Amino acid sequence: MVDVQSRQPRRTPRLRSVGDGELRLRHRVVHGYRRAYRMAGEGPALVLIHGIGDSSATWADLIPDLARTHTVIAPDLLGHGASDKPRADYSVAAYANGVRDLLATLDIESATLVGHSLGGGVAMQFAYQFPERTERLVLVSAGGVGGEVNPVLRAVSLPGAQLLLSALQLPGMGFQVGLFLRLMRMIDADLARDAPELVNLVDALPDATSRSAFIRTLRAVVDWRGQAVTMLDRCYLTEGMPTMLLWGSRDSVVPVRHAHGAHEAMPGSRLEIFEGAGHFPFHSDPARFLSLVEEFTATTAPADWSREKWRELLRAGRPGTAAGQPDTARSRAVERELREASERSAT
């Protein structure tokens with residue numbers, strides 16, 4: 001069952017073409033570090049936040065269409081792509097701060113945030129830290145809404161991971177990885193949907209500095225037990241904020257059951273499942289992805305944030321935790337799951 005936000009009449013957009021020059025990488029120095037980003041189009045701001053090990057290039061084929069009705073900003077997060085890769089804080093909270101500061105330099109006061117994987121966690125953290133700057137959330141196969149994650153990512157969070165990533169760059173490893181991918185396709189494993197994309201992410205880590213930044217980012221959100229950061233305990237604060245969840249039914253990185261859990265925890269959210277897709281549904285079916293994002297932004301009003309409403313939500317607390325709530329078996333089970341997921345929350 002999919003819940004849909006109450007919708008307003010669809011506005012007629014003013015379409016414009018996007019030149020190739022608009023899609024080039026640009027750079028801004030913020031806090032002494034060079035940050036790369038792509039920016040195109042005119043209209044309401046739409047910020048595209050990529051996942052771990054990825055870059056703004058992951059959105060390149062989608063930006064021209066989105067930029068016909070929006071000002072699209074797609075940053076390379078610090079430690080990724082063409083941005084600097086210092087020995088720095090790579091937590092989701094730090095990334096949310098970085099997105100805010102970049103937008104400030106671009107004179108963007110508020111925006112709809114579209115976040116994929118780690119970028120989904122960053123988008124949720126941004127909405128938590130800066131609700132007055134957040135108009136809508138589109139969470140794509142987002143991290144931070146459950147403990148499970150692909151075992152390969154858990155392994156890379158362990159000591160010695162840098163040697164493992166370096167070994168994958170050795171001659172002959174491409175052949176071995178190719179054999180593994182063919183095996184995954186033969187047995188129709190979910191990983192077959194995502195393995196080529198994940199291999200591309202590893203190939204995008206050509207030097208020790210890139211690999212170090214990748215591992216530092218991963219360890220900020222994943223340990224040997226799985227995802228170590230969650231926003232589930234604060235998802236109730238999205239009440240009144242238009243939120244759409246997009247997920248692949250065969251996501252091998254962040255299981256689709258996380259989508260259903262987040263949908264239940266986010267009041268009024270909308271859930272769209274891409275049947276047969278993996279962790280990158282916007283690559284598997286870009287036409288549907290574009291249609292959903294454009295329809296969602298056109299038919300929902302930006303969040304109307306106020307200090308009073310925020311205070312009321314915080315005082316009321318998470319549903320089922322306030323005094324006087326019935327202590328049913330289901331509420332106890334949900335509360336236990338939230339406690340386990342919240343051992344280390346992003347703050």
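## Two residues with positive phi

His31 is exposed, with a relative accessible area of 60%, and in this predicted model His31 sits in the loop between strand S1 (26-30) and strand S2 (33-40). Although His31 is not a glycine, its phi is positive, at about 60°.

Ser117 is another residue other than glycine with a positive phi, here near 55°. Its place is the loop that connects strand S5 (111-116) with helix H3 (118-129). Is Ser117 buried or exposed? With a relative accessible area of 10%, Ser117 is buried, because that value falls under the 20% limit used for burial; His31, at 60%, is exposed.

## The chain as a whole

The protein chain contains 13 helices and ten strands, and of its 347 residues 51% count as buried. The area that the protein chain exposes comes to about 16,000 Å², of which carbon and sulfur atoms supply 53%.

The contacts can also be described by their separation along the sequence. When contacts between residues at least 6 apart in sequence are considered, 77% of them join residues at least 24 apart.

## The open sheet

Eight strands make up an open sheet with mixed pairing, and their order across the sheet is S1-S2-S4-S3-S5-S6-S9-S10. The edges are formed by S1 and strand S10 (270-274), each of which pairs on one side only. From one strand to the next, the twist averages 25°.

Strands of a sheet pair through backbone hydrogen bonds, and this pairing can be parallel or antiparallel. Both senses occur around strand S4: S2 and S4 run antiparallel and are joined by four bridges, whereas strand S3 (residues 45-49) pairs with S4 in the parallel sense over three bridges. On the S2 side, Tyr37 has Pro75 of S4 as its bridge partner. On the S3 side, Ala45 stands opposite Thr71 in S4, and the bridge partner of Leu46 in S4 is Val72.

## Strand S4 and its surroundings

How many of the five residues of strand S4 (residues 71-75) are buried? Five of the five are, so the strand is largely enclosed by the rest of the structure. In a regular strand the side chains alternate between the two faces of the sheet. In S4, Thr71, Ile73 and Pro75 point one way, while Val72 and Ala74 point the other way, and all of these residues are buried.

Two of the residues already named in the pairing, Thr71 and Pro75, therefore belong to the set that points one way from S4, whereas Val72, the partner of Leu46, points the other way. Helix H2 (residues 92-105) lies across S1, S2, S3 and S4, and its direction makes an angle of about 110° with S1.

## A buried loop residue after S3

Thr58 is located in the loop between S3 and helix H1 (63-66). Despite this loop position, Thr58 is buried, with a relative accessible area of 9%. Which residues does Thr58 touch, when those up to four places away in sequence are not counted? They are His50, Phe282 and His283.

Terms used. Residues are numbered from 1 along each chain as its sequence is written. This is a predicted model: local features need pLDDT of at least 70, side-chain atom pairs count only at pLDDT 80 or more; totals for chains, interfaces and linings use all residues. Side-chain values use heavy atoms; hydrogens and water are left out. Buried means under 20% relative accessible area, exposed over 50%, partly exposed in between (1.4 Å probe, protein chains only). Contact means heavy atoms within 4.5 Å. Accessible areas come from the Shrake-Rupley method with a 1.4 Å probe; for residues, only the protein chains shown count as cover. Two strands pair if DSSP finds at least two bridges between them. Axes are lines fitted to C-alpha atoms, for helices over the stretch in contact, and angles run from 0 to 180 degrees between N-to-C directions.
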